[in-house]
Amino acid sequence: MKPAVLVVDMLEEFVRGRLKAKQAEDIVPRLARLLDAARRLGVPVIHVVDTHYPGIDAEFRLWGPHAVAGSPEARIVEELGPKEGDFVVNKRRYDGFVYTDLDLLLRELGVDTVIVTGIHTHICVQQTVMGAFYRGYRIIVPVDCVAAASEEWHRRGLEYMEEFAGAELVNSEELIKRLEHEKKSAITPV
Ligand code: ZN
């Protein structure tokens with residue numbers, strides 16, 4: 001497995017702003033731990049974030065103006081980065097693969113498995129998971145590192161990703177142990 005962690009929309013807008021997810025604050029420390037472990041183990045961390053043009057983006061018809069490029073709301077929350085070595089991919093639709101260079105970046109990194117985190121579980125996380133599925137990636141979703149506006153939407157998002165994208169639903173602590181184990185077993189004696 002050659003994984004990368006995708007961090008979807010962990011922006012001020014969705015964590016503390018008008019479009020915040022209910023449990024967003026709760027997932028920040030767990031996600032911070034997962035990202036630190038990933039960086040330590042050489043697993044790429046890719047922030048995939050809403051960066052809308054003012055006035056014209058189609059999403060504004062549904063949600064009103066949000067995460068406008070250059071605004072304080074479009075900033076990644078401080079606790080999560082971006083830190084040295086992280087990548088940032090800007091998106092203008094729910095799906096992080098649509099009209100972005102995410103797929104090219106993953107291919108150049110040799111990634112075959114995406115660990116998808118962030119918010120909202122049933123909107124941008126789910127759509128990015130589907131985008132990954134369409135392009136042949138294996139998918140892992142740490143359920144304690146994603147959040148939505150309600151428990152119901154969160155649960156429905158998880159069920160959909162498991163059932164229709166074959167996403168493996170895991171706990172972030174177990175996932176960290178697994179990444180550490182994989183790193184160890186990848187080191188072969190000479
Ligand atoms: Zn948006």
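This is a short conversation about how to read a predicted model of a protein chain with a zinc ion.

Trainee: Where should I begin? What does the secondary structure of the protein chain come to?

Mentor: Start with the overall layout. The chain has seven helices and seven strands, and along the sequence they follow the pattern β-α-α-β-α-β-α-β-α-β-β-α-β-α. The radius of gyration is 16 Å, close to the 16 Å that the globule rule gives for 190 residues, so the chain is as compact as a globular protein of that length.

Trainee: How much of the protein chain is made up of buried residues?

Mentor: Buried residues make up 52% of the 190 residues. You can also look at contacts: of those with a separation of 6 or more, 78% are between residues 24 or more positions apart.

Trainee: Now the strands. Which strands are joined to strand 2 by bridges?

Mentor: Strand 1 (residues 3-8) is joined to strand 2 by four bridges, and the two run parallel. Strand 2 is also joined to strand 3, by five bridges, and these two run parallel as well. Find Ile46 to see both pairings: its bridge partner is Leu6 on the strand 1 side and Phe87 in strand 3.

Trainee: Are the faces of strand 2 covered or open?

Mentor: Here is the general idea: in a regular strand the side chains alternate between the two faces of the sheet. In this structure, Val45, His47 and Val49 are buried on one side of strand 2, and Ile46, Val48 and Asp50 are buried on the other. Six of the six residues of strand 2 are buried, so the strand is largely enclosed by the rest of the structure.

Trainee: Which residues are the protein donors of the zinc ion?

Mentor: To read a metal site, list the donors and then check their angles. Asp50 (OD), His52 (NE2), Glu59 (OE) and His66 (NE2) lie 1.9 to 2.2 Å from the zinc ion. The angles among the four donor atoms are 90 to 154 degrees, and the site is irregular. In sequence, the donor residues are spaced D-x1-H-x6-E-x6-H. Asp50 lies in strand 2 and His66 in the loop between helix 3 (60-63) and strand 3 (87-91), so the pair ties together parts that are 16 residues apart in sequence. Both Asp50 and His66 are buried.

Trainee: One more histidine: is His154 buried or exposed?

Mentor: His154, in helix 6 (residues 151-165), is buried, with a relative accessible area of 12%. Its side chain makes a polar contact with the side chain of Thr121 at 2.8 Å. Leaving aside residues up to four places away in sequence, His154 touches Thr121, Val143, Val146, Ala147 and Ala148.

How values were computed
Residues are numbered from 1 along each chain as its sequence is written. This is a predicted model: local features need pLDDT of at least 70, side-chain atom pairs count only at pLDDT 80 or more; totals for chains, interfaces and linings use all residues. Side-chain values use heavy atoms; hydrogens and water are left out. Donors are N, O and S atoms within 2.8 Å of the metal (3.2 Å for Na, K and Ca); water is not among the atoms, so sites may look incomplete. Four donors count as tetrahedral if all angles lie between 85 and 135 degrees; four count as square planar and six as octahedral if opposite donors are over 155 degrees apart and all others between 65 and 115; anything else is irregular. Buried means under 20% relative accessible area, exposed over 50%, partly exposed in between (1.4 Å probe, protein chains only). Two strands pair if DSSP finds at least two bridges between them. A polar contact is a pair of N or O atoms within 3.5 Å; within protein, one must be able to donate a hydrogen and the other to accept it, and residues adjacent in sequence count only if both atoms are side-chain atoms. Contact means heavy atoms within 4.5 Å. The radius of gyration is taken over C-alpha atoms; the globule rule is 2.2 Å times the number of residues to the power 0.38.
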